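Subject: Structure handover

Hello,

Here is the structure you asked about, with the sequence. My notes on what turned up in it follow below.

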Amino acid sequence: MSFLLESKIAHVILAAGSSSRMGEPKQLLAWGETTLIGHAIQQGMMLENVKTYVVLGAYYDQIYPTVKEFPISILKNENWQLGMGSSIRLVIEALERDILTYSAILISLVDQPLLDAKHLNRLIIEFNQNPNMIIATDLNEIIGVPAIITKQYFKELLQLKEDFGARYIIKKHINNVQTISARGKGYDVDTQEEYNTLLKSNFPS
């Protein structure tokens, strides 16, 4: 299964965090027949002509062997403790070294398993129709990622402070943002309780 893509987009899955509230690497939690990180990568691979980057940091030595066979670019954030901004900067720097030229970056998180390829594709379709706008996800109370940020904001992404993520850019340029509703699927998996609840509702025994 693949989707039509018109613009050249780099997809980055942010997966460098330490899962401090979970107590174990949430990247490796089971999800269906794979893991949260495996699922995130599989969803990205369903998007045609999209190059996928994965940023690892904490638990790198445990996670890397589980994803190294995927046709993706894996980046190691040595400074993952500094926050999401450091991971985003790392990716933008990698894109600038890439021989390919991208019109935008699609930023997603490893712990939002319900925001699958169908949702990502809706963002892409909207971006293809509005290539100068930021396309973000309406998560009811907030507007955030997954989000497509056009190349004109890459310089600002490079200047993100360590503890600021893409949501800072989205908020700053809210007048140039189009949103796609998450339709009740924008759940983050931060705690064991949240994981168990989400797991039970999506994979009933």
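Two strands are taken to pair if DSSP finds at least two bridges between them. That is the sense in which I say that D138 stands opposite I143 in strand β8. Please keep in mind that this is a predicted model, and that every value here is computed from it.

Overall fold

The protein chain has seven helices and nine strands. Its radius of gyration is 16 Å, close to the 17 Å from the globule rule for 205 residues, so the chain is as compact as a globular protein of that length. The C-alpha trace spans about 45 × 35 × 30 Å along its principal axes. Of the 205 residues, 51% count as buried. Among contacts with a separation of 6 or more, 71% are between residues 24 or more positions apart.

On the outside, the chain exposes about 10300 Å², and 47% of that comes from carbon and sulfur atoms. There are 19 positive and 22 negative charges, and the mean positions of the two sets are 3 Å apart.

Strand β7 and its partners

Strand β7 covers residues 134-138, and four of its five residues are buried. β7 runs parallel to strand β9 (residues 177-181), joined to it by five bridges. In that pairing T137 stands opposite I180. With strand β8 (residues 143-150), β7 pairs in the antiparallel sense over three bridges. β7 and β8 form a hairpin, with four residues between them.

Backbone points to check

Most residues other than glycine have a negative phi, and most peptide bonds are trans. Three places in this chain depart from that pattern.

- The peptide bond from V145 to P146 is cis, with omega near 5°. P146 lies in strand β8, the antiparallel partner of β7.
- N140 has a positive phi, near 75°. N140 sits in the loop between β7 and β8, in the turn of the hairpin. With a relative accessible area of 65%, N140 is exposed.
- Y59 also has a positive phi, near 60°. Y59 is found in the loop between β4 (51-56) and α2 (60-67). Is Y59 buried or exposed? Neither in full: Y59 is partly exposed, with a relative accessible area of 28%.

If you open the model, the β7 and β8 hairpin is a convenient place to begin, as the turn residue N140 is there and the cis bond before P146 is in the same region, with P146 placed in β8.

Regards

Terms used
Residues are numbered from 1 along each chain as its sequence is written. This is a predicted model: local features need pLDDT of at least 70, side-chain atom pairs count only at pLDDT 80 or more; totals for chains, interfaces and linings use all residues. Side-chain values use heavy atoms; hydrogens and water are left out. Helices (H or I, at least four residues) and strands (E, at least two) are DSSP runs, numbered from the N terminus. The radius of gyration is taken over C-alpha atoms; the globule rule is 2.2 Å times the number of residues to the power 0.38. Buried means under 20% relative accessible area, exposed over 50%, partly exposed in between (1.4 Å probe, protein chains only). Contact means heavy atoms within 4.5 Å. Accessible areas come from the Shrake-Rupley method with a 1.4 Å probe; for residues, only the protein chains shown count as cover. Lys and Arg count as positive and Asp and Glu as negative; His and the chain ends are not counted. The place of a charge is taken as NZ of Lys, CZ of Arg, CG of Asp or CD of Glu.
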